[in-house]
Structures are given as C-alpha cells and as structure tokens.
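Please open the model in your viewer and keep the sequence panel beside it, since each stop below begins with a selection. The tour moves from a single residue to pairs of packed helices.

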Amino acid sequence: MLSHLAGSVFRLGAAIEHTDAVARLLDVYVVRRQSADAAAGSATLRSVVGAAVRRDPDPTVTLDALALDRHEPASIASAVAVARDGARRAREVVSTELWDCLDVTRSRMPRKVGGDRARDFLTWAKERSALAVGVVDGDASRDEVWAFFTLGRSLGRCRTTAALLGSDLLDPDSADSWSDVLRACGVREAFHRGAHRDVEPTEAAAFLLLDTHSPRALGFLAHRAADGLAGVAPACVADEVAGFRRAVAALDAVAPHEALAALSGVTAHLVDTASAVVAALEERVFSAPAPVT
C-alpha cells in the first residue's frame with residue numbers, strides 16, 4: 001500500500017476515534033460537573049487529549065476550545081476535518097458511504113453551541129463517530145486499508161485512555177472518580193453488567209487496565225495495536241514498535257490485585273511508547289514522497 005494512502009487511512013481512523021474520546025471527556029469533566037478548580041482541571045484535560053496546556057478558569061472556554069475551535073488541533077472540529085480530509089485523500093480505497101458520512105458530518109459541524117445545547121452536540125459527535133466506524137466495520141475488506149484504519153484507532157484510543165488513567169483527573173482512591181473515568185471511557189455500563197455492582201477502585205483499575213474483552217480497556221487496545229503493528233509496521237520503526245511491545249508486556253505482567261499500585265507506571269509507559277510509534281510512522285513512513293512515474 002502506498003505510504004501516502006496508508007497515512008491518510010491511519011489519520012482517518014485516529015481522527016474518528018479522537019472525536020469520540022474528546023466528546024466523552026468533555027461530557028464527563030466539563031458539562032456534567034463544575035470543578036472546584038476549573039483552571040487546573042482544564043489544564044489536565046487539555047494534556048490528556050493532546051492540546052496545548054492552558055488554565056481556563058471558565059469551563060465554557062475549555063468546552064469551546066476542545067469542541068469547536070478549528071485552530072486547535074486536538075478539538076472535535078479539527079478531528080472531523082482531519083477525518084474528512086483523510087477520506088478525500090484516500091478516495092480510491094475508502095467506500096463512497098464512508099466518504100458521504102464524513103462529508104455530511106463536516107458540513108454540519110456547528111461554529112457555536114449554546115450552554116444548554118452542549119450535551120446535544122457531544123452526543124451528536126459520538127453518534128457520528130460511531131456511524132463512521134460502523135460503516136467501515138460493515139463494508140471494508142480486512143486488508144491493508146482496514147489494518148491501517150484500525151491501527152490509527154487503536155493507538156489513538158490507547159494513548160488517550162492511558163493518559164486519562166495516569167492524570168490528575170483520576171483520584172485512585174475515590175469510587176466516584178473511578179465512576180467518572182468509566183463513563184469517560186465509555187465502559188461504565190459494561191463494567192456494571194459484569195460482576196461489579198459497585199465501583200470499587202481496585203476492581204475498576206483492574207478492569208480498565210487488564211480486561212482483554214472490552215474494546216475500550218487498555219488490555220484490549222494495547223494488544224490490538226501491537227497486533228496491528230506486527231502486520232503493517234516496516235523495519236524503519238522497529239525500535240519504536242519494540243518499545244511499545246515492552247510496554248504491553250509490562251501491562252500483561254500486572255496482577256489484578258496490583259492494578260491500582262501499578263497504574264501510574266504502566267500508563268505513563270504506554271503513553272510514551274504509543275506516542276513514539278505514531279511520531280515514527282508519521283516521520284519515516286507516511287511522509288515518504290510518492291514514487292515518480
């Protein structure tokens with residue numbers, strides 16, 4: 001697969017996943033509650049989603065910046081634009097239905113959202129992301145296009161989830177804080193449908209770190225990303241891939257009862273190595289010039 005096409009499909013998958021992740025984080029940490037220290041909370045949230053860190057005393061400023069600011073690369077609006085651009089650049093390998101889905105989403109992206117409509121907008125963003133993923137799941141052949149799309153999704157979600165679990169947005173000893181994190185990761189209902197009636201910190205940590213069946217838990221995401229890299233990553237990024245695999249192995253070595261104690265170390269390792277893999281792919285693979293014909 002040509003490097004520029006692979007890069008477009010990879011960014012497309014990552015952007016769709018980023019849209020969903022940021023919408024969920026804003027819903028939980030900005031819209032649903034007003035933090036006692038909004039400035040510190042905004043700085044941490046910006047760091048988690050990969051935005052320029054700034055302390056916003058007004059939660060509305062954070063919401064506007066991370067939802068609608070087209071000049072903020074980590075915003076929902078920017079992610080939607082990146083996804084559409086990726087599909088445009090890869091029109092020869094993505095379906096018309098996916099292109100139409102992303103084109104409509106981009107055209108309907110609002111420039112302003114009133115405070116009373118913030119929840120509606122974030123729900124819409126999550127639904128559009130889910131629709132795009134559903135289109136790919138339903139009609140894409142399991143070939144290199146699928147592999148790079150899924151790799152972009154997996155690495156992006158893995159980094160964001162690990163960053164959230166290692167951030168100050170989580171108080172590891174608070175059941176309420178873990179409940180917020182479960183909701184922000186989109187697995188609160190899945191957690192309770194298991195054998196967990198109440199949110200107990202050790203059980204929540206073990207679920208989000210080690211579960212290999214929930215598609216939003218690190219145990220699942222890290223292994224899916226590692227498997228994807230094994231299938232498509234070239235030799236020029238072998239060192240970064242090896243580093244990521246070591247981070248996954250360190251995650252696998254954590255026992256469920258040790259998940260809470262291991263939280264900070266394994267999440268920081270995954271954030272660093274996942275980011276290194278993405279940077280290496282962008283620099284050495286996806287930016288390669290097209291062959292002269």
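## Stop one: a loop arginine

Begin by selecting arginine 32, which lies in the loop between H1 and helix H2 (38–49); bear in mind throughout that this is a predicted model. Is arginine 32 buried, partly exposed or exposed? Its relative accessibility is 40%, and because partly exposed covers the range between under 20% (buried) and over 50% (exposed), arginine 32 counts as partly exposed. Next, show what surrounds the residue: leaving aside residues up to four places away in sequence, arginine 32 touches Asp27, Arg119 and Arg183. Add aspartate 180 to the selection as well, for although it is 148 residues apart from arginine 32 along the chain, the two C-alpha atoms are separated by 9.9 Å.

## Stop two: H1 against H6

Now select helix H1 (residues 3–31) together with helix H6 (residues 118–139), whose axes come within 9 Å and cross at roughly 155°. The two helices are therefore roughly antiparallel to each other, and the crossing in which H1 passes H6 is left-handed. To see the contact itself, display the side chains of Ile16, Thr19, Asp20, Ala23, Arg24, Leu26, Asp27 and Val31 on H1, and on H6 those of Ala118, Arg119, Leu122, Ala125, Lys126, Ser129, Ala132 and Val133. Colouring this set by class will show nine nonpolar, two polar and five charged residues. Asp27 and Arg119, which belong to this contact, were also met at the first stop as residues that arginine 32 touches.

## Stop three: H10 against H13

Move on to helix H10 (residues 201–210) and helix H13 (residues 259–286), which pack at an angle of about 40° with their axes 9 Å apart. That angle makes H10 oblique to H13, and their crossing is left-handed. The residues to display here are Pro201, Thr202, Ala205, Ala206 and Leu209 from H10, with Ala259, Leu260, Leu263, Val266 and Thr267 from H13. By class, this contact comprises eight nonpolar and two polar residues, with no charged ones.

## Stop four: H11 and its neighbours

Finally, select helix H11 (residues 218–232), whose 15 residues reach 21 Å from the first C-alpha to the last, close to the 21 Å expected at 1.5 Å a residue. Which residues of H11 are buried? They are Leu218, Gly219, Leu221, Ala222, Ala225, Ala226, Gly228, Leu229 and Val232. Showing the surrounding helices alongside them, you will find that these buried residues pack against helix H7 (144–165), H10, helix H12 (238–252) and H13.

Note on methods. Residues are numbered from 1 along each chain as its sequence is written. This is a predicted model: local features need pLDDT of at least 70, side-chain atom pairs count only at pLDDT 80 or more; totals for chains, interfaces and linings use all residues. Side-chain values use heavy atoms; hydrogens and water are left out. Axes are lines fitted to C-alpha atoms, for helices over the stretch in contact, and angles run from 0 to 180 degrees between N-to-C directions. Helices (H or I, at least four residues) and strands (E, at least two) are DSSP runs, numbered from the N terminus. Angles under 35 degrees count as roughly parallel, over 145 as roughly antiparallel, 65 to 115 as roughly perpendicular and the rest as oblique. A crossing is left-handed if the near helix is turned anticlockwise from the far one by less than a right angle, and right-handed if clockwise. Contact means heavy atoms within 4.5 Å. Ala, Val, Leu, Ile, Met, Phe, Trp, Tyr, Cys and Pro count as nonpolar, Asp, Glu, Lys and Arg as charged, and the others, Gly among them, as polar. The expected span of a helix is 1.5 Å times one less than its number of residues. Buried means under 20% relative accessible area, exposed over 50%, partly exposed in between (1.4 Å probe, protein chains only).
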